[in-house]
Amino acid sequence: MRAALAMAGGIVAAGLMLAPATTATAEPIAPGGAYATIGQLEASGYDVNIDRVGSAPLDQCIVTSVRNPQDITRTIRVDNGRKGDKRDFDYVEIVVRRTITVSLNCDART
């Protein structure tokens, strides 16, 4: 299913930008609805957490918000070899996991 969602994400408008938090709207976040939005986020490397209201199928859901992007990082030490009689190290922060939450309105009446 992740592969199908990632493929669907390719049709999302290039203008989908992630902000630290967005407010709920009555309109879909991006063309293509929930599948496209989730697919785009997964293609961007996010593990997507979904909150939903209602029981309609996912293809009938409306994205009401995209929020809480979080990068889980780890600092690693990189050995740059010797400089004189001492070893030279750099410390680099890398992202090991990215998460984000998508809220959906899946009320069959909408």
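Two strands are said to pair if DSSP finds at least two bridges between them. With that term in hand, the tour of this predicted model can begin.

**The whole chain**

Display the complete chain as a cartoon. The chain contains two helices and three strands, and from start to end their order is α-α-β-β-β. Of its 110 residues, 27% count as buried. The accessible surface amounts to about 7200 Å², and 52% of this belongs to carbon and sulfur atoms. Among contacts with a separation of 6 or more, 72% join residues 24 or more positions apart.

**Confidence**

Next, colour the chain by pLDDT. The mean for the chain is 75, and 69% of the residues reach 70 or more. Confidence is highest in β1, at 95, and lowest in helix α1 (residues 2-9), where the mean is 34. Select residues 1-29: the pLDDT there is below 50, although this stretch has 48 contacts in the model beyond near neighbours in sequence. Where pLDDT is low, the predicted coordinates should not be read in detail.

**The hairpin of β2 and β3**

Select β2 (62-83) and β3 (86-105). In which sense do these two strands pair, and over how many bridges? The pairing of β2 and β3 is antiparallel and extends over 17 bridges. For one such bridge, select V78 and its partner in β3, D90. Then move to the turn of the hairpin, where two residues lie between the strands. G84 has a positive phi here, near 75 degrees.

Now select N68, which is found in strand β2. Phi of N68 is also positive, near 60 degrees, and this residue is not a glycine. Is N68 buried, partly exposed or exposed? N68 counts as partly exposed because its relative accessible area is 40%, which lies between the limits of 20% for buried and 50% for exposed.

**The nonpolar core**

Show side chains for A34, L41, V48, V102 and L104. These are the members that touch the most other members of the largest nonpolar core, a group of 14 residues. The elements giving two or more residues to this core are α2 (33-43), β2 and β3. In soluble globular proteins, nonpolar side chains tend to be buried together.

Centre the view on L104. Beyond its neighbours within four places in sequence, L104 is in contact with several residues, including A34, I38, I50, V53, L58, C61 and I62. Step back by one residue to S103, which is placed in strand β3. Why does S103 count as buried? Its relative accessibility is 11%, and therefore S103 falls under the 20% limit. With neighbours within four places again set aside, the contacts of S103 are D51, I62, V63, T64, S65 and R67.

**The disulfide**

The last stop is the one disulfide of the structure. Select C61 and C106, whose sulfur atoms are 1.9 Å apart. A disulfide is a covalent bond between the sulfur atoms of two cysteines. Which parts of the chain does this pair link? C61 lies in the loop between β1 (47-53) and β2, whereas C106 lies in the segment after β3; the two are 45 residues apart. Both C61 and C106 are buried. The angle about the S-S bond is 115 degrees, and the link is right-handed.

Methods:
Residues are numbered from 1 along each chain as its sequence is written. This is a predicted model: local features need pLDDT of at least 70, side-chain atom pairs count only at pLDDT 80 or more; totals for chains, interfaces and linings use all residues. Side-chain values use heavy atoms; hydrogens and water are left out. A nonpolar core is a set of buried Ala, Val, Leu, Ile, Met, Phe, Trp, Tyr and Cys residues joined through side-chain atoms within 4.5 Å. Buried means under 20% relative accessible area, exposed over 50%, partly exposed in between (1.4 Å probe, protein chains only). Helices (H or I, at least four residues) and strands (E, at least two) are DSSP runs, numbered from the N terminus. Contact means heavy atoms within 4.5 Å. Accessible areas come from the Shrake-Rupley method with a 1.4 Å probe; for residues, only the protein chains shown count as cover. A disulfide is a pair of cysteine sulfur atoms within 2.5 Å. pLDDT is the predictor's confidence in each residue, from 0 to 100.
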